[in-house]
Amino acid sequence: MNITLRSGLAALAFAGFATGAQAADIVVGGKNFTEQQILSAITQQVLEANGHRVDNRAGMGSAAVRQAMENGQIDVYWEYTGTSLITYNNIEDKLDPQQTYDTVKELDAEKGIVWLDPSEANNTYALAMRAADSTEKGIATISDLAGAMNDGQGLTFGSNAEFYARPDGLKPLEETYGFEFGRANVKRMDTGLVYQALRDGQVDVGLVFATDGRILAFDFTVLEDDQGYFPSYALAPVIRAEVLEANPDIGDLLNEVSAKLDDQVMAALNASVDVDKVSVENAAAKFLQDHDLN
């Protein structure tokens, strides 16, 4: 191979490398569970449909994805207000959902992170019952549950060990609502087993996460937290301030996505992947198509 040819090939290789290195103008992050993988795919697809070149780096741990954003290694991902408040900003005050959002928006702005519009999806702890039992017993709220327990119904409760023992877990919940399950009526088990135990009638009430796909798949009813006991973990897109300044359209695009998300929509998306075995990419594409966002 002559020198001229070798030089030409080297130049082409370098050009190819440079093009690849510059291919993505937005780096999307995400955590390592189904809900986050779906949101990362939705973000990638909606941005690519609007002319952005995206590098999707979903599958990171919670602390890692936050650190990567603070270090400028990722540009945008979806976060939970309660996680930022409690885990990243060490705020232990009990705040309502709007106060939680306002507080993390202000604190994270100091780190160059912008919170876009929050969705109605709130992946917090919740209490659930089988839908048929909820209807039959007339229990739609946790206050209704408290009334039933105080009337002597003796319902059993499935909980993970952490919630049973933690200082902001079961005991203060009972104190807030003025009832007790009673030690004999509480069945402690791994989180994943709670869903199965509730489905199979081994417990009457179960501790769940509000956007878990099994709520829909197993026909559970989530009881309304009518006294606002559980912290808010509202889902919202977060983006580095300098990236948003350079790409203001991204804020508009992701706010449109956020406006379409609530607990039921998120649970259905999670169920499509975890229960129906739809691919993350196809679930994301269908969501965007269904809501005219692509």
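**Exercise 1. Place Gln-36 in the fold and work out whether this residue is buried or exposed.**

Solution. Start with the local setting: Gln-36 belongs to helix H2, which covers residues 34-48. Keep in mind as you go that this is a predicted model.

Next, check the accessibility. Buried means a relative accessible area under 20%. Gln-36 comes in at 1%, so this residue is buried.

Now look at what surrounds it. Skipping neighbours within four places in sequence, Gln-36 touches Gly-30, Lys-31, Tyr-77, Trp-78, Tyr-80 and Leu-235.

Finally, try a distance. Glu-79 is 43 residues away from Gln-36 in sequence, yet their C-alpha atoms are 8.8 Å apart in space.

**Exercise 2. Do the same for Thr-83: find its helix, its burial and its contacts.**

Solution. Thr-83 sits in helix H4, residues 81-88. Its relative accessible area is 11%, so Thr-83 is buried.

For contacts, again leave out neighbours within four places in sequence. That gives Lys-31, Ser-62, Tyr-88 and Tyr-233 for Thr-83. Lys-31 may ring a bell, as one of the contacts of Gln-36.

Then take the C-alpha atoms of Thr-83 and Ser-232. They are 149 residues apart along the chain, with 9.1 Å between them.

**Exercise 3. Which residues is Met-266 in contact with, leaving aside its neighbours within four places in sequence?**

Solution. First, locate it: Met-266 is part of helix H14. Its relative accessible area is 0%, so Met-266 is buried.

Second, list the partners. They are Glu-35, Ile-38, Leu-39, Ala-121, Thr-211, Leu-235 and Leu-261. Leu-235 also turned up among the contacts of Gln-36.

Third, add a distance. Met-266 and Asn-122 are 144 residues apart in sequence, and 9.2 Å lie between their C-alpha atoms.

**Exercise 4. What share of the contacts in the protein chain with a separation of 6 or more comes from residues 24 or more positions apart?**

Solution. The share is 76%. You've already met a pair of this kind: Met-266 touches Glu-35.

While you have the whole chain in view, gather a few other totals. The secondary structure comes to 15 helices and 10 strands. There are 294 residues, and 46% of them count as buried. Along the principal axes, the C-alpha atoms fill a box of roughly 90 × 40 × 35 Å.

On the outside, the chain exposes about 14,200 Å², with carbon and sulfur atoms supplying 49% of that area. As for charge, count 21 positive and 45 negative side chains; the centres of the two sets are 7 Å apart.

**Exercise 5. Split the chain into its domains and describe how they meet.**

Solution. Begin with the bounds. Domain 1 is made of 26-122 plus 232-291, while domain 2 runs over 125-222.

Then find the separation: the centres of domain 1 and domain 2, taken over C-alpha atoms, are 29 Å apart.

Last comes the meeting place. Here 10 residues of domain 1 are in contact with 6 residues of domain 2. About 590 Å² is buried between the two domains, and carbon and sulfur atoms give 68% of this.

**Exercise 6. Which residues of helix H9 are buried, and what do they pack against?**

Solution. Helix H9 takes in residues 170-177, and its buried residues are Leu-170, Pro-172, Leu-173, Glu-174 and Tyr-177. A bit of helix geometry helps when you look at such a list. An α-helix has 3.6 residues a turn, so residues three or four places apart point the same way.

The buried residues of H9 pack against strands S5 (125-130), S6 (157-159) and S7 (186-188), along with helices H7 (142-150) and H8 (161-165). Right after H9 comes Gly-178, with a positive phi near 75°.

**Exercise 7. Where do Lys-277 and Asp-292 lie, and are they buried or exposed?**

Solution. Begin with the backbone angles. Most residues other than glycine have a negative phi. Lys-277 has a positive one, near 65°, and Asp-292 has a positive one too, near 55°.

Now the locations. Lys-277 is in the loop between helix H14 (263-274) and helix H15 (280-290), whereas Asp-292 falls in the segment after H15.

To finish, use the cut-off for exposed, which is over 50% relative accessible area. Lys-277 has 65%, so this residue is exposed. Asp-292 has 68%, so it counts as exposed as well.

Methods
Residues are numbered from 1 along each chain as its sequence is written. This is a predicted model: local features need pLDDT of at least 70, side-chain atom pairs count only at pLDDT 80 or more; totals for chains, interfaces and linings use all residues. Side-chain values use heavy atoms; hydrogens and water are left out. Helices (H or I, at least four residues) and strands (E, at least two) are DSSP runs, numbered from the N terminus. Buried means under 20% relative accessible area, exposed over 50%, partly exposed in between (1.4 Å probe, protein chains only). Contact means heavy atoms within 4.5 Å. Accessible areas come from the Shrake-Rupley method with a 1.4 Å probe; for residues, only the protein chains shown count as cover. Lys and Arg count as positive and Asp and Glu as negative; His and the chain ends are not counted. The place of a charge is taken as NZ of Lys, CZ of Arg, CG of Asp or CD of Glu. Domain bounds come from an automatic or database domain assignment. Buried area is the accessible area (1.4 Å probe) that two parts lose on being put together, summed over both.
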